[in-house]
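Reader: Hi! I have a chain open on my screen and would love some company while I look around. Could you walk me through it?

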Amino acid sequence: MTTLAWVLALAALVPAGLCTAYGVRFSHTPGAARAKVLTVLAVVSILVLSAAGYGVLGRFSDWDTREVDEFTDWQLAARITEARRAVKADPENEAAQMKLAQSYYAAGLYKDAVDTLDAAVTLCGETQELLSLKAQALYYRDGRRFGPEVRALTERLLRANPYNVEIRLLIANDAFLTGNYQKAIDEWEFLIRSGAAAGQRAALENAVANARSRMPR
């Protein structure tokens, strides 16, 4: 359970705890008194949830930065710790390097993911898998922008393998978010026609339909 889930559970338990502590029995409480009790409990719950939630989540304006504190999700923090130990024990193990980079990526620690992938490439050599994840991490590290480094890497990857699903999806998603719906459609339809992402066909078709619905008529 994440810390946020614990916060929500705590807020839900506060009213019940207060009722028990003060011996409140709603079935035997007059209507006016019952209303007052409910009002007090509601206020207490809101205060507890607000205070605890602020402590866990921080400022509301930061919610969409995708910069995740490692300790927000203890399971993800544990994965990162375990992956770090595996890499330290065997630095030339490509699978261990990849797992650590993927854990950083999942946590929104994109710079760390890029640094780990660079180290993996230096030690193990270049592979499509390592470079594809690096392209995605670079894109998010740079604030969802196709800067020169990301663009050069994605073009290189597609020259080597035109059916690279991760890179095609990255390009399509960026095109969609920037309002270039035809470009997004072209990328998604390429994946549909080629069968490169057969397991995602329904999702791709829905994405195409969504993009078409947004295009000016």
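Reader: Let's start with H3. Which of its residues are buried?

Author: Happy to help. In this predicted model, the buried residues of H3 are Leu 76, Ala 77, Ile 80, Ala 83 and Val 87. They cover an arc of only 125° around the axis, which puts them on the same side of H3.

Reader: Why would residues three or four places apart point the same way?

Author: That comes from the turn: an α-helix has 3.6 residues a turn, so residues three or four places apart point the same way.

Reader: Nice. What do the buried residues of H3 pack against?

Author: Their packing partner is H4. On the other side of H3 you will find Trp 74, Arg 85 and Ala 89, which are exposed.

Reader: And how far does H3 reach from its first C-alpha to its last?

Author: H3 covers residues 74-89, which is 16 residues, and reaches 22 Å. That is close to the 22 Å expected at 1.5 Å a residue.

Reader: Let's move over to H4. Is Gln 97 buried or exposed?

Author: Gln 97 is buried, with a relative accessible area of 4%, and the cut-off for buried is under 20%. Gln 97 lies in H4, which runs over residues 94-106.

Reader: What does Gln 97 touch?

Author: Leaving out residues up to four places away in sequence, Gln 97 touches Val 87, Pro 91, Thr 116, Ala 120 and Leu 123. Val 87 is one of the buried residues of H3 you asked about earlier.

Reader: I keep seeing rings in this model. How many aromatic pairs are there?

Author: The count comes to 8 aromatic pairs. In one of them, the rings of Tyr 105 and Tyr 110 have their centres 5.5 Å apart and their planes at 75°, so that pair is edge-to-face. Both Tyr 105 and Tyr 110 are buried.

Reader: What about Tyr 105 and Tyr 140, how do those rings sit?

Author: Their centres are 6.1 Å apart and their planes are at 70°, so this pair is edge-to-face too. The pair links distant parts of the chain: Tyr 105 is in helix H4 and Tyr 140 in helix H6, 35 residues apart.

Reader: Why does Tyr 105 count as buried and Tyr 140 as partly exposed?

Author: The cut-off for buried is under 20%. Tyr 105 has 18% relative accessibility, so Tyr 105 counts as buried, while Tyr 140 has 22% and therefore counts as partly exposed.

Reader: Which residues do the ring pairs link into a cluster?

Author: The cluster is made of Tyr 105, Tyr 110, Tyr 139, Tyr 140 and Phe 146.

Reader: Got it. What sits over the ring of Phe 190?

Author: That is the charged end of Arg 168, 4.1 Å from the centre of the ring.

Reader: Another arginine, then. Where is Arg 144?

Author: Arg 144 is in the loop between helix H6 (128-141) and helix H7 (148-160). With a relative accessible area of 39%, Arg 144 is partly exposed. Arg 144 and Asp 174 are 30 residues apart in sequence and 7.5 Å apart in space, C-alpha to C-alpha.

Reader: Since we've reached H7, which of its residues are buried?

Author: Those are Val 150, Leu 153, Thr 154, Leu 157 and Leu 158. Seen down the axis of H7, they fall within an arc of 130°, so they line one face of the helix. What covers them includes H6 and helix H8 (165-177).

Reader: And what does the face turned away from the buried side of H7 carry?

Author: There you have the exposed residues Pro 148, Arg 159 and Ala 160.

Reader: Zooming out, how many helices and strands does the chain have?

Author: The chain has 10 helices and 0 strands. Of its 217 residues, 33% are buried. Among contacts between residues at least 6 apart in sequence, 52% join residues at least 24 apart.

Reader: Last one, about confidence. What is the mean pLDDT of the chain?

Author: The mean is 78, and 67% of the residues reach 70 or more. Over residues 1-27 pLDDT stays under 50, and the model has 33 contacts beyond four places in sequence for them. Residues 34-71 are also below 50, and that stretch has 43 contacts beyond near neighbours in sequence.

Notes:
Residues numbered from 1 in each chain as written. Predicted model: local features only at pLDDT ≥ 70, side-chain atom pairs only at ≥ 80, totals over all residues. Heavy atoms only, no water. pLDDT = per-residue confidence, 0-100. Contact = heavy atoms within 4.5 Å. Helix = DSSP H or I, 4+ residues; strand = E, 2+ residues; numbered from the N terminus. Buried < 20%, exposed > 50% of the residue type's maximum accessible area, 1.4 Å probe, protein only. Phe/Tyr/Trp six-rings, centres within 6.5 Å; stacked < 30°, edge-to-face > 60°. Lys NZ or Arg CZ within 6 Å of the ring centre and 35° of its normal. Arc of directions from axis to C-beta. Expected span 1.5 Å × (residues − 1).
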